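Visitor: Please show me the structure, and then take me through it by question and answer.

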Amino acid sequence: VVTLEDLVEAVGVDAGRYALVRSSIDSQVDIDLDLWGKKTNDNPVFYVQYAHARIASVLRNAAELGIDWRAADPDFSLLTHEREAQLLGLIGELPRVVATAAELREPHRIARYLEELANGYHKFYDVCRVLPQADAELEPITIARLWLCAAARQTLANGLGMLGVSAPERM
C-alpha cells in the first residue's frame, strides 16, 4: 500500500496525478513506481509531455530559422501524407473525447487519448520533415506542417491542463 504522499514523493506530482487519472474507476489501481519514475517513453506521462516539448522545440527552431509561420497563409491541402491525415484526425477527436469523458465521468479517457495523440505525433514526426534542411528553400508544406504541429501542441497542452498535469516546453 502506497499513500498519496508516498506516490508524489516517489514519482512527482505530474506522474502521480496522471497515474491515478489514467485508470478507470472500475479497475483496481496498480501503480508501478519504477515505471512512473522513469524519464523514458515507457512512462505514459513522460511520453505525452515529451511530445509537447518536442513540438515546442520544433516551433522554437522554426523561429530561430526566421520562419514566421504564424504570419504565413497555410495551404492545408498540401497535408496529404497518411501520417498528417492521422494526426489531423486525432486532433479533431478532442471535443468528442472530452464530452464522453465528462458525460460518463471517466477522465481516464482523456489520458488515454493524449497517449494516442502523442503516439500519432511521434509517428508523423518520424516520417514527415517539418523544418527545411540547411540550405533548402522554405516550401509551402513547411508552413502547413508547422501549423499542424502547433495544433497538436495546443491540443496536448489543453488535455494535460484538463488533467492538472503540466505541459513542459523543454525536457
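**The largest pocket**

Guide: Helix α4 (residues 44-64) gives the most to the lining of the largest pocket, with 4 residues. Helices here are DSSP runs of H or I, at least four residues, numbered from the N terminus. The model is predicted: local features need pLDDT of at least 70, side-chain atom pairs count only at pLDDT 80 or more, and totals for chains, interfaces and linings use all residues. Residues are numbered from 1 along each chain as its sequence is written, and side-chain values use heavy atoms, with hydrogens and water left out.

Visitor: How much space lies in the largest pocket?

Guide: On a 1 Å grid over the protein atoms alone, a pocket is an open set of points where a 1.4 Å probe fits, with protein on both sides within 12 Å along at least five of seven lines; lining residues have an atom within 4 Å of a point. Points are joined across faces, edges and corners, and the volume is the space filled by probe spheres set on them. For the largest pocket this comes to about 150 Å³.

Visitor: Which side chain of opposite charge is nearest to R54?

Guide: R54 lies in helix α4 and is among the residues that line the largest pocket. R54 is buried (under 20% relative accessible area, 1.4 Å probe, protein chains only). R54 has no salt bridge (a side-chain nitrogen of Lys or Arg within 4 Å of a carboxyl oxygen of Asp or Glu). Arg counts as positive and Asp as negative, and the nearest side chain of opposite charge, 4.1 Å away, is D126.

Conventions
Helices (H or I, at least four residues) and strands (E, at least two) are DSSP runs, numbered from the N terminus. Buried means under 20% relative accessible area, exposed over 50%, partly exposed in between (1.4 Å probe, protein chains only).
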